[in-house]
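Biologist: Got a minute to walk me through this one? Put it up and start with the terms you use.

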Amino acid sequence: MTDHHHHDDDWPYPHPKQPDTEDAPFTDHMAITEAVTELLIDKNIFTADDMRKMVEYIDSKSPAEGARMIARAWTDPDFKARMLDDVNAAAVEMDIDAGTIPIRCVENTPKAHNVIVCTLCSCYPRMLLGLPPDWYKSRAYRSRMIREPRAVLAEFGTEISDAVETRVHDSTADLRYMVLPMRPKGSEGMEENALADLVTRDSMIGVTVIKDL
Amino acid sequence: MNARFAVGDKVRVREAYPPGHIRTPHFIRGKEGTVTAVIGDFANPEELAYGRPGIPKQTLYWVAFPQTGLWPDYAGPEHDTAVVDVFDHWLVGEQQ
């Protein structure tokens, strides 16, 4: 195939090109990460294949696992009680690996709306919700959600009545959090699998609510 | 470890600014809140961060702060709260 493209010197589109990975700055921390990884592999602490498997495992986690648990909690009050008591143990009942870091589930009610932030870094319940969205890690979200939650929620299209308490959980230490959203009106009689499809990642972070059907 | 505080206790976060790896955010230092849960004992992250064992473990609490007490210009209603995970050694009791 003949290459007719001359992007570098003749880029006809109005938006800027995204730089290739190698063109972004290679920082000190990136160099340390690469060096430590190579040392751990050279010293046979783990193999490159172990590392690939772990990365693939983390990448395979998705909000679908958290959503399955929410749907079960909506349909089974005993399970909900156990989940509010110990999310990690409740996950095992559903053959979900929630990992060893304790996860706490906070329940939305007509009186209180919960939302999660990590102001100090970007702690997130990856084992149940997968990798965090980029905005969750942004300085804007981390600094504003704790300080003006109602304004940030409104930017997500979420209006919380002044009669309802907003409760922002700052994930500063050894816990991770997920929100148990309120079950939408109109979902009575739906089966667990169909209910799980209604549960979004953002509703489990608490930046949105699940609309009534 | 027996927890020093119980659910419902009024507490104040120490107003201290030591260097190092601290999990107590600046915006609650010196502020008053209410214990809403006693979570359990965890190795002290301020020690773990430097490769030390983090012993004795510290009790971790949920402390709920009224948003209007954290931010002088808070625009929402008075019942809005921020709930922060705070370790025992950062808390002092308040007179009821």
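Modeller: Terms up front: the expected span of a helix is 1.5 Å times one less than its number of residues. Helices (H or I, at least four residues) and strands (E, at least two) are DSSP runs, numbered from the N terminus. This is a predicted model: local features need pLDDT of at least 70, side-chain atom pairs count only at pLDDT 80 or more, and totals for chains, interfaces and linings use all residues. Residues are numbered from 1 along each chain as its sequence is written, with chains lettered from A and ligands numbered from 1 in the order in which they are written.

Biologist: What span should helix 1 of chain A have at 1.5 Å a residue?

Modeller: Helix 1 covers residues 28-42 of chain A, and its 15 residues should span 21 Å. The end C-alpha atoms are 21 Å apart, which agrees.

Biologist: And which residue just after helix 1 of chain A takes a positive phi?

Modeller: That is N44(A), at about 60 degrees.

Biologist: How many residues of helix 1 of chain A are buried?

Modeller: Zero of the 15, so helix 1 is hardly covered. Buried means 20 or more other C-beta atoms within 10 Å of the residue's own; exposed means 12 or fewer, partly exposed is in between, and C-beta atoms are placed from the backbone.

Biologist: Why does helix 2 of chain A lie largely in the open?

Modeller: Because the number buried among its 13 residues is zero. Helix 2 of chain A, residues 48-60, reaches 18 Å from first C-alpha to last, close to the 18 Å expected.

Biologist: Switching to the sheet. What's the strand order?

Modeller: Seven strands form an open sheet, 2(A)-3(A)-4(B)-3(B)-2(B)-1(B)-5(B), with mixed pairing. Two strands pair if DSSP finds at least two bridges between them.

Biologist: Which strands stand at the edges?

Modeller: Strand 2 (112-117) of chain A and strand 5 (91-93) of chain B. Each has a single partner strand, so one side of each is left without a neighbour in the sheet. The twist averages 35 degrees from one strand to the next.

Biologist: In which sense do strand 3 of chain A and strand 4 of chain B pair?

Modeller: Parallel, over four bridges, with strand 3 of chain A at residues 165-170. V168(A) stands opposite A82(B) there. On strand 3 of chain B, F65(B) also stands opposite A82(B). Strands 3 and 4 of chain B pair in the antiparallel sense over seven bridges.

Biologist: What about strand 2 of chain B, what does that pair with?

Modeller: Strand 3 (residues 58-66) of chain B, antiparallel over seven bridges. V35(B) has V63(B) as its bridge partner. Strand 1 (residues 10-13) of chain B also pairs with strand 2, antiparallel over three bridges. R12(B) partners E32(B).

Biologist: How many residues does each chain put into the contact?

Modeller: Chain B gives 18 and chain A gives 17. In contact means C-beta atoms, placed from the backbone, within 7 Å. On the chain B side, the largest share, six residues, comes from strand 4.

Biologist: Last topic, the core. Which residues touch the most other members?

Modeller: Among them are I70(A), V117(A) and V63(B), in the largest nonpolar core of 60 residues. Helix 3 (residues 63-75) of chain A gives the largest share, six residues. A nonpolar core is a set of buried Ala, Val, Leu, Ile, Met, Phe, Trp, Tyr and Cys residues joined through C-beta atoms within 7 Å.

Biologist: And V117(A), what is that in contact with?

Modeller: Leaving aside neighbours within four places in sequence, V117(A) is in contact with Y141(A), R142(A), M145(A), I146(A), V168(A) and D170(A).

How values were computed. Contact = placed C-beta atoms within 7 Å. Axes fitted to C-alpha atoms, helices over the stretch in contact; angles between N-to-C directions.
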